Amino acid sequence: LEVLMNALWGSKFLKELQLDNNSVGDTGALSVSAMLPYVESLENLDLGFNSITSVGMKSLMKAVAESRQLKSLSLSGNKIDVSAAKAVAFALAYNKSMTAIFLDHCSITQEGKRHIAAGIVSNSNTSLHRLTGFNLGAAVVTLGLPPTLETWSNETVLKFIRHMWERESEMNSKE
């Protein structure tokens, strides 16, 4: 994988990288993390089912947080413990370009879901339109958002969060 990442380094044309089900583990996640800032054309990254632990996830999420072009990320099938969930939350709190994240079959605990939800809610510039893997509404309600969100689809909850920040921005600009 390191040889592949070195070959992709600086690519101006790579839009999608599917590495799902390749057992890349933490070493592969570290290689992808190092490459990501230098492949400015990459929009879709699939690292599903690769046995990435919180060690690899932390490095990867730092690169995702700083990415300006990544639109879609699949982490499905990688166990996301609380430490990894905090890393995902960090990335989602700072990333402005991502529109979709896939977290299916990640065994995320309630605490982990709450961290991820908090990361999303705290990002006033989020572009996120799609999240899979858990009910986002149930998690954001624990953060003090309206209880009715618990029954909404993830897409509708994300739309509500984006609208909430747009309204906040409009209110601040009128003052």
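Is E43 buried, exposed or partly exposed? In this model, which is predicted, E43 counts as partly exposed, at 24% relative accessibility, and selecting this residue makes a convenient start for the tour.

**First stop: the salt bridges**

With E43 still selected, add K15, because the two residues form a salt bridge in which the closest N and O atoms are 3.6 Å apart. K15 sits in the loop between α1 (2-8) and β1 (16-18), while E43 sits in the loop between α2 (25-35) and β2 (44-46), so the pair ties together parts that are 28 residues apart in sequence. Like its partner, K15 is partly exposed, and its relative accessible area is 47%.

The structure holds two salt bridges, and to see the other you can select K62 and E66, whose closest N and O atoms are 2.9 Å apart. Both of these residues belong to helix α3 (residues 54-66), where they stand four residues apart and are therefore separated by about one helical turn. K62 counts as partly exposed at 46% relative accessibility, whereas E66, with a relative accessible area of 52%, is exposed. Such pairs fit a general pattern, in that side chains of opposite charge can pair when their charged atoms come close.

**Second stop: the sheet**

Now select the strands β1 to β5, which form an open sheet of five strands in the order β1-β2-β3-β4-β5, with parallel pairing. At the edges stand β1 and β5 (130-132), each with a single partner strand, so that one side of each is left without a neighbour in the sheet. Neighbouring strands here are turned against each other by 5 degrees on average, direction ignored. If you zoom in on β1 and β2, you will find them paired in the parallel sense over three bridges, and E16 can be picked out where it stands opposite N44 in β2.

**Third stop: helix α2 and its cover**

Which residues of α2 are buried? They are G25, G28, A29, S31, V32, S33 and M35, and it is worth colouring them before bringing the surroundings back into view. What covers these buried residues includes α1, β1, β2 and α3.

**Fourth stop: I52**

From α2, move to I52, which has its place in the loop between β2 and α3. I52 is buried, with a relative accessible area of 1%. Leaving aside its neighbours within four places in sequence, I52 is in contact with V24, G25, D26, A29, L47, M57, N78 and K79; of these partners, G25 and A29 are among the buried residues of α2. For a sense of distance, select H105 as well: the C-alpha atoms of I52 and H105 are separated by 13 Å, although the two residues are 53 apart along the chain.

**Last stop: two packed helices**

Two packed helices are described by the angle between their axes and the distance between the axes. To see such a pair, select helix α4 (residues 82-94) together with helix α5 (residues 110-122), whose axes come within 7 Å and cross at roughly 10 degrees. That crossing makes α4 roughly parallel to α5. On the α4 side, display V82, A85, K86, V88, A89, L92 and A93, which meet E111, G112, H115, I116, G119, I120 and S122 of α5. Sorted by class, this contact of α4 with α5 has eight nonpolar, four polar and two charged residues.

Methods
Residues are numbered from 1 along each chain as its sequence is written. This is a predicted model: local features need pLDDT of at least 70, side-chain atom pairs count only at pLDDT 80 or more; totals for chains, interfaces and linings use all residues. Side-chain values use heavy atoms; hydrogens and water are left out. A salt bridge is a side-chain nitrogen of Lys or Arg within 4 Å of a carboxyl oxygen of Asp or Glu. Buried means under 20% relative accessible area, exposed over 50%, partly exposed in between (1.4 Å probe, protein chains only). Axes are lines fitted to C-alpha atoms, for helices over the stretch in contact, and angles run from 0 to 180 degrees between N-to-C directions. Angles under 35 degrees count as roughly parallel, over 145 as roughly antiparallel, 65 to 115 as roughly perpendicular and the rest as oblique. Contact means heavy atoms within 4.5 Å. Ala, Val, Leu, Ile, Met, Phe, Trp, Tyr, Cys and Pro count as nonpolar, Asp, Glu, Lys and Arg as charged, and the others, Gly among them, as polar. Two strands pair if DSSP finds at least two bridges between them.
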